[in-house]
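The following account leads the reader through a single protein chain, from one residue outward to the whole. Please keep the sequence and the model in view while reading.

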Amino acid sequence: INAEYGEFKQTSTMLHTTVAGISGALAIAFGAFGAHALKSHTSDERILAAFATGAHYHLVHSAAILALGEGRPTTQSLFVLGITLFSGSLYLMPFTSRKIGIITPIGGTVLIAAWLSLLPMFGGGGVKKMA
């Protein structure tokens, strides 16, 4: 059983590191796109600022996923969902109707829930030390 647990733990660590790495790389790519290529698509400063906010939140929460290690799968899943809804809706806004913006606050709420899930009163015990 210990050998199986060791394999599971290694797979779990690899998965969260992979998710954090891919997410962080995408955040940088979206940020670069927003800072350069998007300006040829729109000159609306509100859209450009929203896109930049999406990239900023995306990168911060990607780092949070990495920092948590393998011991917080629920919190990490909430971060991934929050990034997808919050940042994803801001990324899509320049290319779709602005009605997609209705999703943004839902994503923000999920990100808040992810942070709150770290509190002991919600079953979290803070950030666990990485081995």
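A useful point of entry into this predicted model is L111, which, leaving aside residues up to four places away in sequence, touches Y57, H61, F79, G82, I83 and F86. L111 itself belongs to helix α4. Is L111 buried or exposed? Its relative accessibility is 4%, and L111 therefore counts as buried, the cut-off being under 20%. L111 can also be related to L85: the two residues are 26 positions apart in sequence, and their C-alpha atoms are 9.4 Å apart in space.

One of the residues touched by L111 is F79, and the surroundings of F79 may be examined next. Not counting residues up to four places away in sequence, F79 touches H61, A64, I65, L68, L111, A114 and W115. L111 and F79 also appear together in the largest nonpolar core, which has 14 residues. The residues with the most contacts inside this core are I65, L68, F79, F86, L90, M93 and L111. Two or more residues are given to the core by each of α2, α3 and α4, the last of these spanning residues 104-116. Helix α2 supplies the largest share, five residues. Another core lies apart from this one; it has five residues, among them L48, F51, A55 and Y91.

The discussion now turns to how the helices are arranged around these residues. Two packed helices are described by the angle between their axes and the distance between the axes. For α3 and α4, the axes come within 7 Å and cross at roughly 155 degrees. The angle is over 145 degrees, and α3 is therefore roughly antiparallel to α4. The crossing of this pair is left-handed. On the α3 side, the residues that meet α4 are T75, L78, F79, L81, G82, I83, L85, F86, S89 and L90. Their counterparts in α4 are T104, I106, G107, G108, V110, L111, A113, A114 and W115. Sorted by class, the contact of α3 with α4 comprises 13 nonpolar and six polar residues, with no charged residues.

Helix α3, residues 73-92, also packs against helix α2, residues 45-68, with axes that come within 9 Å and cross at roughly 165 degrees. This angle, too, is over 145 degrees, so α2 and α3 are roughly antiparallel to each other. Helix α2 passes α3 in a left-handed crossing. From α2, the participating residues are A50, F51, T53, G54, A55, Y57, H58, H61, S62, A64, I65 and L68. They meet T75, Q76, F79, V80, I83, F86, S87, L90 and Y91 in α3. By class, this contact of α2 with α3 has 13 nonpolar and eight polar residues, and again no charged residues.

Within α2, the residue S62 merits separate attention. With a relative accessibility of 2%, S62 counts as buried, because the value is under 20%. Which residues does S62 contact, leaving aside its neighbours within four places in sequence? They are A20, S23, G24 and I83. Of these, I83 is one of the α3 residues in the contact with α2.

Two loop residues complete the local picture. G71 is in the loop between α2 and α3. Its relative accessible area is 33%, so G71 is partly exposed, a class that lies between 20% and 50%. G71 and H16 are separated by 55 residues in sequence, while the C-alpha to C-alpha distance is 9.7 Å. D44 occupies the loop between α1, residues 2-35, and α2. With a relative accessible area of 19%, D44 is buried, because the cut-off is under 20%. D44 and P94 are 50 residues apart in sequence and 9.1 Å apart in space, again from C-alpha to C-alpha.

These details may finally be set within the chain as a whole. Its secondary structure comes to four helices and zero strands, and along the sequence the pattern reads α-α-α-α. The chain has 131 residues, of which 35% count as buried. Among contacts in the chain with a separation of 6 or more, 68% are accounted for by residues 24 or more positions apart.

Notes. Residues are numbered from 1 along each chain as its sequence is written. This is a predicted model: local features need pLDDT of at least 70, side-chain atom pairs count only at pLDDT 80 or more; totals for chains, interfaces and linings use all residues. Side-chain values use heavy atoms; hydrogens and water are left out. Axes are lines fitted to C-alpha atoms, for helices over the stretch in contact, and angles run from 0 to 180 degrees between N-to-C directions. Angles under 35 degrees count as roughly parallel, over 145 as roughly antiparallel, 65 to 115 as roughly perpendicular and the rest as oblique. A crossing is left-handed if the near helix is turned anticlockwise from the far one by less than a right angle, and right-handed if clockwise. Contact means heavy atoms within 4.5 Å. Ala, Val, Leu, Ile, Met, Phe, Trp, Tyr, Cys and Pro count as nonpolar, Asp, Glu, Lys and Arg as charged, and the others, Gly among them, as polar. Buried means under 20% relative accessible area, exposed over 50%, partly exposed in between (1.4 Å probe, protein chains only). A nonpolar core is a set of buried Ala, Val, Leu, Ile, Met, Phe, Trp, Tyr and Cys residues joined through side-chain atoms within 4.5 Å.
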